[in-house]
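Q: Could you take one helix of this protein and look at it closely, explaining each term for someone in the first year of study? I would like to follow how the helix sits among its neighbours.

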Amino acid sequence: MDSDQGPGGVRSVRRALDILSLLTEDQPVVSLKTMVEATGLAKTTVVRLVQTLEGYGLLWSTDAGYAAGPGLWRWAHLAHQSWELPQETLKLLRELADRRGETANVMIRRDIHRVCVAQQESPQPLRHVVRVGDELPLWAGASSKVLLSGASDALLQRIALASPHGRPHAERLREWADQVTEQGYAVSHGERDVGLTAVAAPLTTSSGMVVAALSLSGPSARITQDAIDEFAQDLMQVAAQIMSQGFDHPLGPRS
C-alpha cells in the first residue's frame, strides 16, 4: 500500500491523476476495467484510488462507469477566473483575427514553457489552432522570443538544454530576445512547425516587464515576408490598446 508521505504519497497522486486524465471529451465515462488496463495497476489499487477520488467528489459513479464529479466544478470555476481575459481584451483579439485573417493568441511563460491563455481562431478554413491551456516549448517561435525578453542566462541555458539543439542554442535565444527589445516584435518561420509563420509583440506591465506575448499565426503561404511589417504594426497597436486597459494576467511571471 502506498504511504501518504514521501515517494509513496507522490506516487499515489500521480496514479490518481493518471486515472482522471482518462476522462476526455471523447470518453466522458470510463469503466473500472478500462482504468485497470490503461494504468497497468492492480484492480485493488485502482478501486482504492477511485473510492478516494469519489469521496472528494472528483469522480461520479454511473451505471456505465465513472464520470467527472461535481467537485471539479469548484476547481473549474477557479481556473476560469484565473485564465479568462477581460471581454474588452477578447474583443480586440477577435477584431485582430478577423482583420488579418489569421489566428490571434496570447501566451504567457511558465518556467521553460509557454502557455496559451487566450485565442481567437482565424476565420479561414486552413488555420493554425492552439487550444487555451496548451503548453508549448520556449526554444522556438515568435511568442517565445518575446517572452524571453530580459530572461536570465540561467533560464536560457535550461531552455536550450531542453531543446533539440542543446546548450549552444542559448546564444541564439539571447540574440532573439535582444532583437525583440530592439525592434519591438518577433517573427518565426517554420522553427517548430514547418509551413507555419508567426509574428508576436509583447504585452507589458506599467513598469515595462513583459508578462505575455500577443501573436498572429498561420500558414507561411499567407503570412508572406511582404506582410510581416503590416502584421507587426497591427500587433503593436493592439498590444498598446490592451495594455491601456491595464493588462496584468494573474498567471504571468512576476520577476
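**A close look at helix α5**

A: Helix α5, which runs over residues 87-100, has 14 residues and reaches 20 Å from its first C-alpha to its last, close to the 20 Å expected at 1.5 Å a residue. That expected span is 1.5 Å times one less than the number of residues in the helix. Helices (H or I, at least four residues) and strands (E, at least two) are DSSP runs, numbered from the N terminus. The model is a predicted one, in which local features need pLDDT of at least 70 and side-chain atom pairs count only at pLDDT 80 or more, while totals for chains, interfaces and linings use all residues. Residues are numbered from 1 along each chain as its sequence is written, and side-chain values use heavy atoms, with hydrogens and water left out.

The buried residues of α5 are Thr-89, Leu-90, Leu-92, Leu-93, Leu-96 and Ala-97. They cover an arc of only 155 degrees around the axis, which puts them on the same side of α5. The arc is that of the directions from the helix axis to the C-beta atoms. On the other side of α5, Gln-87 and Lys-91 are exposed. Here buried means under 20% relative accessible area and exposed means over 50%, with partly exposed in between (1.4 Å probe, protein chains only).

What lies over the buried side? The cover of the buried residues of α5 includes the strands β4 (103-110), β5 (113-120) and β9 (210-219), together with helix α9 (228-244), where a contact means heavy atoms within 4.5 Å.

These elements meet again in the largest nonpolar core, whose 30 residues include Leu-93, Leu-96, Val-106, Val-199, Leu-203, Leu-214 and Leu-235 as those that touch the most other members. A nonpolar core is a set of buried Ala, Val, Leu, Ile, Met, Phe, Trp, Tyr and Cys residues joined through side-chain atoms within 4.5 Å. Two or more residues of this core come from each of α5, β4, β5, β8 (196-204), β9 and α9, and α9 gives the most, with seven residues.

Helix α9 therefore deserves a look beside α5, and its 17 residues should span 24 Å at 1.5 Å a residue, which agrees with end C-alpha atoms that are 24 Å apart. In α9 the buried residues are Ile-228, Phe-231, Ala-232, Asp-234, Leu-235, Val-238, Ala-239 and Ile-242. Seen down the axis of α9, these buried residues fall within an arc of 165 degrees, so they line one face of the helix. The cover of the buried residues of α9 includes α5, β7 (186-189), β8 and β9.

At the end of α5, the charged end of Arg-100 sits over the ring of Phe-231, 5.5 Å from its centre. A charge counts as sitting over a ring if NZ of Lys or CZ of Arg is within 6 Å of the ring centre and within 35 degrees of the ring normal. Just after α5, Gly-101 takes a positive phi of about 75 degrees.

One more neighbour is Glu-121, which lies in the loop between β5 and β6 (135-137). At 32% relative accessibility, Glu-121 counts as partly exposed. Not counting residues up to four places away in sequence, Glu-121 touches Arg-94, Ala-97, Thr-103, Arg-127 and Val-129. The C-alpha atoms of Glu-121 and Leu-93 are separated by 9.3 Å, although the two residues are 28 residues apart along the chain.
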